[in-house]
Amino acid sequence: MDCKRPYKYRALKQIGILFCILLLSSCTWVKDETENCAVGFWLNLHYTYNILDVEAAPEYISEVVVYIYDAEGNYVSRMEVQKGLLLANNHRIRVEGLPEGDYQFVVWSGTADSHYSISGDRSTMDQFRLSLAGAGSNSADQLPDLYYGSLKTVHYDNAYALHDVFLTKNTNQLACLVVPLSSDSTVSPSDFDMKVVSANGVLNINNMLVSDDLITYQPFVRQTVTVDDAEYGQLKGVGFNVSTLRLMEDRDCRLILEKKSTGEEIFNISFPEYIGMIGALYTALGRPLTVQEYLDRQDFYTIVFFLSGDLNQLIQLQVNSWRLRAKNHLKL
């Protein structure tokens, strides 16, 4: 009797079972293309260009429009991708149906909102413009979050490809607090006109500002506030929340406070100038930031303007946690 035959047949049977398992788990059978099968051309969206330097795309990017251009910058097509599909694919977008060739991809998030207007998007890249819709030279609304990313010329074919697209936030909010350094001074929001003025109302396909027309951003919130300050104690003041499009180092942005009764300017200062001071000191990411990087990463600013008791002079300015004294730094 050959005692080895049963072991031989059992071994062959086990090999056969293992082969079937491998066959069933191959890419021919698996439906989830983004996890188990390296197929398709994908755009992988990231939003790490923020002040915390963390991945925040799943939290903030809810829908996108992808513009596709050929290598010469001619419009080819566009894709609209909603929140459900983004979440299902871990904020990766599959691009399909293009002839093999070289293409450029531009991604916008937030443009579906009625606050924004787009023109020239179905022509050449250099004709694309995104602007505030119907705002003219004034905007007094809280602007919805707007994000931009691009992928320069890459080759598209049937081979698997995963391309990272890093987004930049194009909207900012400034919480401006006006606080007299005197317990005897009583102020209300109706005492002042706070505004932000900058030529930043139109962006091109490269996310750069392309218009010299000034936009005046006015508060969408006006309220009384109480400030607990480590140096001056508890103070009463007023707060104004202002929302703007992208702030650029090479485009001045003026913060202006006027007395409403007389129109007299209490101060008129350059916001990027003082942000430049802060960016050079900000080392939480392990290095100083350039002015533009700080402007792009930081999307919310709390700015406290400490005024003299007679409300005629700016004594001190605090941006987030950084404080500048007028006699040493401020150029009004």
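What follows is a walk through the aromatic pairs, the largest pocket and the cysteines of a predicted model.

Aromatic rings are a good place to start, with 13 aromatic pairs counted in the structure. One of them brings together Y47 and Y60, whose ring centres sit 6.3 Å apart with the planes at 90 degrees, so this pair is edge-to-face. Y47 belongs to the loop between β1 (41-46) and α2 (57-60), while Y60 is part of helix α2 itself, so the contact ties together parts of the chain that are 13 residues apart in sequence. The two partners can also be described by their accessibility. Y47 is buried, at a relative accessible area of 4%, whereas Y60, at 39%, comes out as partly exposed.

A second pair, W108 with F128, is stacked: the centres are 5.6 Å from each other and the planes make an angle of 15 degrees. Here, too, distant parts of the chain are linked, since W108 is in strand β5 (residues 101-109) and F128 is in the loop between β6 (116-119) and β7 (129-132), 20 residues apart. W108 is buried, with 0% relative accessible area, and F128 is likewise buried, with a relative accessibility of 0%. Beyond these pairs, one aromatic cluster is made up of F41, Y103, F105 and Y156.

The next topic is open space. The largest pocket holds about 170 Å³. Both tyrosines of the edge-to-face pair turn up again here, as Y47 and Y60 are among the residues lining this pocket. The rest of the lining consists of N50, I51, L52, V54, A56, E59, Y147, K169, R297 and D299. Sorted by class, the lining comprises seven nonpolar residues, four charged ones and one polar one.

That leaves the cysteines. A disulfide is a covalent bond between the sulfur atoms of two cysteines, and the structure has zero of them. C176, for instance, is in no disulfide, and the nearest cysteine sulfur to its own, that of C253, is 9.3 Å away. Seen from the other side, the sulfur of C253 has its closest cysteine sulfur in C176, and at 9.3 Å the two are too far apart for a bond, because a disulfide requires the sulfur atoms to be within 2.5 Å. As for their surroundings, C176 is buried, at 0% relative accessible area, and C253 counts as buried too, at 1%.

Notes: Residues are numbered from 1 along each chain as its sequence is written. This is a predicted model: local features need pLDDT of at least 70, side-chain atom pairs count only at pLDDT 80 or more; totals for chains, interfaces and linings use all residues. Side-chain values use heavy atoms; hydrogens and water are left out. Rings of Phe, Tyr and Trp (its six-membered ring) pair if their centres lie within 6.5 Å; planes under 30 degrees apart count as stacked, over 60 as edge-to-face and the rest as tilted. Helices (H or I, at least four residues) and strands (E, at least two) are DSSP runs, numbered from the N terminus. Buried means under 20% relative accessible area, exposed over 50%, partly exposed in between (1.4 Å probe, protein chains only). On a 1 Å grid over the protein atoms alone, a cavity is a set of points where a 1.4 Å probe fits but cannot get out, and a pocket is an open set with protein on both sides within 12 Å along at least five of seven lines; lining residues have an atom within 4 Å of a point. Grid points are joined across faces, edges and corners, and a volume is the space filled by probe spheres set on the points. Ala, Val, Leu, Ile, Met, Phe, Trp, Tyr, Cys and Pro count as nonpolar, Asp, Glu, Lys and Arg as charged, and the others, Gly among them, as polar.
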